[in-house]
Amino acid sequence: MLASIILICILQFKIIENKESNCGCSIDRAQKDNYDRKLFYNLLQSEEGECSTVTKVEDSEIYEVTNDMVLISGREYYIGTDDIIIKNDIEGPEKIVKLDSFYVDKYEVSNRDFSHFTKLTNYKTEAETFGDSFVFALFLNNTFRDKMKDFRVLQAPWWYKIMGTDWTHPYGPDSDILDVMDHPVIHVSWNDARAYCKWRGARLPTEAEWEVACRGGQRATKYPWGDKLFPEKKHMFVYSIYIILIYCVFIWANIWQGTFPHHNSEKDGYIGTNPVHLFPQNNFGLHNMAGNVWEWTEDSWSSDNPKEKVKKGGSYLCHRSYCYRYRCSARSHNTDDSSAGNLGFRCAKSA
Ligand SMILES: [Ca+2]
Ligand SMILES: [Ca+2]
């Protein structure tokens, strides 16, 4: 029995091992008006070659699409919440929606799958076209961060607009994705995400579809797995004359632990993104609906501004103190051409 209990805990630990109020919620391309590209390049050149090496994915690598889709039956579902936490986000009230049957990706779209798309179509993302995207402060070295301080987002100074950042260079021009091919693709805009899904014969999920998928068939639960963030399970057994208790903590999602934005304790094992197949699946078999990366949906935030698109699920930068949005009913938005290091997507398809 002791061996069984230890095995349970080891398996849970393996899951963890293997496996933001603004957390990137307001950054958008509209801020490019204040962006001094000449200054950026002068600063970059003064780095004595640092951040100047461009590493690309080898052309010879051809990847298969590895995402699977899960069928969710059409019927009436509850979405939204009466337990509203962020009022300005219009999280509630709870309401009934009637959905037709649809498929949704089991995983967030990975770098591997997105690279398959770009190799076959020569698709160029908006971050590649604009020539920049937003990188979180902790992923820049101190010297470079200091030089780039004028390129911070005013309302969220932990975001830096860095030239040469795109999905293959997620942390600036000297970074690459060779070791993170199974992590979610980031620095992709709503338009990029739509193009990818269309290529696969799919589409982005509507907000209602995404939220139903997140809840895994449950009603009014905060998270894809229930109401408690990281549930504990107690195992008791008798060894010799002793009664021994072992506590195993179930970690379900990659969010921010510690004090945002300066200290991340990495209790869940990750300071940045995690591989798309890690952390437990919900009742529908879907991984990382909460946390890891925000996910684009098809819907506009409001009819007044159709360019603002709804994103769901929160990210590895979300902390309860600042961006308690890793809940199924939580929502935020960005313009359709925005990209950032914590924003990805998954596809859906009508059944
Ligand atoms: Ca984390
Ligand atoms: Ca996610």
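**Briefing: strands and sheets of a predicted chain**

Of the 351 residues in the chain, 44% are buried. The structure is a predicted model. Its secondary structure comprises 7 helices and 16 strands. The points below cover some of the strand pairings and one annotated segment.

**Pairing around β4**
- Strand β1, residues 69-72, runs antiparallel to strand β4, residues 102-105, and 4 bridges join the two.
- Within this pairing, Ile72 lies opposite Phe102 of β4.
- β4 is also joined to strand β16, residues 348-350, by 3 bridges, and these strands run antiparallel.
- Here Val104 has Ala348 in β16 as its bridge partner.
- In general, the strands of a sheet pair through hydrogen bonds of the backbone, in a parallel or an antiparallel way.

**An open sheet of 4 strands**
- The order of strands in this open sheet is β14-β13-β12-β15, with mixed pairing.
- β14 (332-335) and β15 (343-344) are the edge strands; each has a single partner strand, so one side of each has no neighbour in the sheet.
- Strand β12, residues 294-302, pairs with strand β13, residues 305-312, in the antiparallel sense, over 4 bridges.
- In this pair, Glu295 stands opposite Lys312 of β13.

**An annotated segment**
- An unreviewed UniProt entry lists residues 236-255 as "transmembrane region".
- In the model, residues 236-255 are 60% strand and 0% helix.
- The C-alpha atoms at the two ends of residues 236-255 are 30 Å apart.

Conventions: Residues numbered from 1 in each chain as written. Chains lettered and ligands numbered in written order. Predicted model: local features only at pLDDT ≥ 70, side-chain atom pairs only at ≥ 80, totals over all residues. Pairing = 2+ DSSP bridges. UniProt positions renumbered as here; feature names shortened; annotations may be inferred. Buried ≥ 20, exposed ≤ 12 C-beta atoms within 10 Å, placed from the backbone.
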